[in-house]
Amino acid sequence: MPTPITTDQVEPGITTVTVNAPPVNALTVRGWFDLADAVTAAGRDPRCHVVLLRAEGRGFNAGVDLKEIQRDDGFHALIGANQGCAAAFSAVYECAVPVIAAVHGFCLGGGIGLVGNADVVVAAEDASFGLPEVDRGALGAATHLARLVPQHLMRALYYTASTIDAHQLHHHGSVYSVVPRAELDQAALEVARRIAAKDTAVIRAAKQAINGIDVQPVHRSYRFEQGFTFELNLAGVSDAARQEFLDNGGGR
């Protein structure tokens, strides 16, 4: 099966990493690891000055492929999905060059992990962001949602599994700009060009410096959250919640 992750150097210094996993860009275990590898490899390429993370289809990302987890009689797919998400989120955060996320449509679950760890977020007017984890019997990515909105709003969104739109995130300063859907790729590319035009040695050092002064230990806090997901699965709560979601047409 071909990977849903593709990489292209669209202009000198600018590498795009595109997710295309119909119908909703919910990634399998392999998909998450492939995404991590693609982002890491792009950053290691000296010709790359900035990475543009984008998606095709109806939305940016709908998180993990729940059908893959439900097909597994054990916990291998669940563990793989958790490890794959952690790897992909870390790859965005640790990428040697800045990562710009171009977001359209829905950005849910794992999508929040990617966007929350990105350096710059450009969003289409139709973009919405949220964590439906509690409705799926899981926990995770509150770490990354807290990088997009203030603490109390994060808690309200998390407990209610509600979404927030791009204009609201722009108000909070976590989305750099909001543009019509048809202009998203061009708007993100324009930001990428501005970064790519800088001395890449300086920008790469700046990425390390900014990560080094980050007050939030993003990797550790996310893995802490995941521990409660495992507890819920062992207790039998998560499987029923996932199945109910799928039975009601989730992921179509």
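This briefing walks through two sheets, two helices and two loop residues of the structure above. The model is predicted, so please read every value here as computed from that prediction. One sheet has six strands in the order 1-2-3-4-6-9, and another has three strands in the order 5-7-8. Helix 9 and helix 10 each keep their buried residues to one side.

**The six-stranded sheet**

- Strands 1-2-3-4-6-9, in that order, make up an open sheet with mixed pairing. Its edges are strand 1 (5–11) and strand 9 (177–179), each of which pairs on one side only. From one strand to the next, the twist averages 20°.
- Strand 2 (residues 14–19) and strand 3 run parallel and are joined by six bridges. V17 has L53 in strand 3 as its bridge partner.
- Strand 4 runs parallel to strand 6, with four bridges between them. Here A101 is paired with V121 of strand 6.
- On to the edge: strand 6 and strand 9 are also parallel, joined by three bridges. A123 stands opposite V178 of strand 9.

**A closer look at strand 6**

- How many residues of strand 6 (residues 120–124) are buried? Five of its five are, so to speak, under cover: the strand is mostly covered.
- In a regular strand, side chains alternate between the two faces of the sheet. In strand 6, V120, V122 and A124 point one way, while V121 and A123 point the other way, and all are buried.

**The three-stranded sheet and helix 4**

- Strands 5-7-8 form an open sheet, again with mixed pairing. Strand 5 (106–108) and strand 8 (163–165) are at the edges with a single partner strand each, so one side of each has no neighbour in the sheet. Ignoring direction, neighbouring strands are turned by 20° against each other on average.
- Helix 4 (residues 110–117) packs on this sheet and touches strand 5 and strand 7. The direction of helix 4 makes about 95° with that of strand 5.
- Strand 7 (residues 128–130) and strand 8 run antiparallel, with three bridges joining them. F129 faces I164 of strand 8 across this pairing.

**Helix 9**

- Helix 9 (residues 200–212) has 13 residues and reaches 18 Å from its first C-alpha to its last, close to the 18 Å expected.
- Its buried residues are T200, I203, R204, K207 and N211. They cover an arc of only 100° around the axis, which places them on the same side of helix 9.
- An α-helix has 3.6 residues a turn, so residues three or four places apart point the same way.
- What does the buried set of helix 9 pack against? The partners are helix 1 (29–44), helix 3 (76–94), strand 4 (99–103) and helix 8 (184–196).
- The face turned away from that buried side carries the exposed residues A201, V202 and G212.
- D199 caps the N-terminal end of helix 9, with a side-chain oxygen 2.9 Å from the backbone nitrogen of A201.

**Helix 10**

- Helix 10 (residues 218–234) has 17 residues, which should span 24 Å; its end C-alpha atoms are 25 Å apart, in agreement.
- Buried in helix 10 are V218, S221, Y222, E225, Q226, T229 and N233. Viewed down the axis, they fall within an arc of 140°, so they line one face of the helix.
- These buried residues pack against helix 3, helix 4, helix 5 (142–145), helix 6 (151–160) and helix 11 (237–247).
- R220, F224, E231 and L234 are exposed, on the face of helix 10 turned away from its buried side.
- Just after helix 10, G236 takes a positive phi of about 85°.

**Two buried loop residues**

- N61 sits in the loop between strand 3 (50–55) and helix 2 (66–71). N61 is buried, with a relative accessible area of 0%.
- The side chain of N61 reaches the backbone nitrogen of G63 at 2.6 Å. Beyond its neighbours within four places in sequence, the contacts of N61 include V24, W32, F106, C107 and L114.
- G105 lies in the loop between strand 4 and strand 5, and G105 is buried at a relative accessible area of 8%.
- Leaving aside neighbours within four places in sequence, G105 is in contact with R58, G59, D126, A127 and S128.

Key: Residues numbered from 1 in each chain as written. Predicted model: local features only at pLDDT ≥ 70, side-chain atom pairs only at ≥ 80, totals over all residues. Heavy atoms only, no water. Expected span 1.5 Å × (residues − 1). Buried < 20%, exposed > 50% of the residue type's maximum accessible area, 1.4 Å probe, protein only. Arc of directions from axis to C-beta. Contact = heavy atoms within 4.5 Å. Polar contact = N/O pair within 3.5 Å; in protein donor to acceptor, adjacent residues only side chain to side chain. Pairing = 2+ DSSP bridges. Axes fitted to C-alpha atoms, helices over the stretch in contact; angles between N-to-C directions.
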